[in-house]
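Got a minute to go through how some labels on a model are earned? Let's take them one at a time and check each against its cut-off.

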Amino acid sequence: HHPTTSKPTSTEGDTPAVPLKGYEYVVKEGDNLGLIIKAYRDQGVKVTASQIKKANPKMNPDVLIPGKKIFIPDSSAK
């Protein structure tokens, strides 16, 4: 009789395979990549458009859909 193995509840279904440090951002009406980058830079997060594009391969950077989540990598986070 084997104990039933259950998945640990701490893991989320859609976490990236490579755990990146960073922030989840929910796109707002009127947002564009430049505005989002500026908002994070104002908070001391040095992130570039190419880093965001790399972290969000399915995202169309020219058409950000309000309500969609994008991942903002924080390269300086340890």
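What follows is a set of questions and answers on this predicted model.

Q: What pattern does the protein chain follow, read along the sequence?
A: It goes β-α-α-β, with 2 helices and 2 strands in the protein chain.

Q: How much confidence does the predictor have in the protein chain, going by mean pLDDT?
A: The mean pLDDT is 83, and 72% of the residues reach 70 or more. Residues 8-13 are another matter: pLDDT stays under 50 there, and the model gives them 0 contacts beyond four places in sequence.

Q: How many aromatic pairs does a search of the whole structure find?
A: It finds 2.

Q: Why is the pair of Tyr23 and Tyr40 called tilted?
A: The ring centres are 5.6 Å apart, and pairing asks for centres within 6.5 Å, so this counts as a pair. The planes sit at 35°; stacked needs under 30 degrees and edge-to-face over 60, so neither label fits and the pair is tilted.

Q: Which parts of the chain does that pair link?
A: Tyr23 is in strand β1 (residues 22-26) and Tyr40 is in helix α1, 17 residues apart.

Q: Why does Tyr40 count as buried, while Tyr23 is put in another class?
A: Buried means under 20% relative accessible area and exposed means over 50%. Tyr40 comes in at 8%, so it is buried. Tyr23 has 34%, which falls between the two cut-offs, so it is partly exposed.

Q: What makes the pair of Tyr25 and Tyr40 edge-to-face?
A: Here the centres are 6.0 Å apart, with the planes at 75°. That angle is over 60, so edge-to-face it is. Tyr25 lies in strand β1 and Tyr40 in helix α1, so the pair ties together parts that are 15 residues apart in sequence.

Q: Which residues do the ring pairs link into a cluster?
A: Tyr23, Tyr25 and Tyr40.

Q: How do you know that Tyr25 is buried?
A: Its relative accessibility is 12%, and the cut-off is under 20%, so buried is the right word. Leaving aside neighbours within four places in sequence, Tyr25 is in contact with Asp31, Ile36, Tyr40, Lys68, Lys69, Ile70 and Ile72.

Q: Which residues touch the most other members of the largest nonpolar core?
A: Of its 13 residues, they are Tyr25, Ile36, Tyr40, Val47, Ile52, Ile70 and Ile72. Both α1 (33-42) and β2 (69-73) supply at least two residues of this core, and α1 gives the most, with 4 residues.

Q: Why is Asp74 called buried?
A: Its relative accessible area is 8%; buried needs under 20%, so Asp74 qualifies. Asp74 has its place in the segment after β2.

Q: What makes the link between the side chains of Asp74 and Tyr23 a polar contact?
A: The distance is 3.0 Å, and the limit for such a pair of N or O atoms is 3.5 Å, so it passes. Apart from neighbours within four places in sequence, the residues in contact with Asp74 are Lys21, Gly22, Tyr23 and Val45.

Q: How many of the contacts with a separation of 6 or more are between residues 24 or more positions apart?
A: Such residues account for 63% of them in the protein chain.

Conventions: Residues are numbered from 1 along each chain as its sequence is written. This is a predicted model: local features need pLDDT of at least 70, side-chain atom pairs count only at pLDDT 80 or more; totals for chains, interfaces and linings use all residues. Side-chain values use heavy atoms; hydrogens and water are left out. A nonpolar core is a set of buried Ala, Val, Leu, Ile, Met, Phe, Trp, Tyr and Cys residues joined through side-chain atoms within 4.5 Å. Buried means under 20% relative accessible area, exposed over 50%, partly exposed in between (1.4 Å probe, protein chains only). Contact means heavy atoms within 4.5 Å. A polar contact is a pair of N or O atoms within 3.5 Å; within protein, one must be able to donate a hydrogen and the other to accept it, and residues adjacent in sequence count only if both atoms are side-chain atoms. pLDDT is the predictor's confidence in each residue, from 0 to 100.
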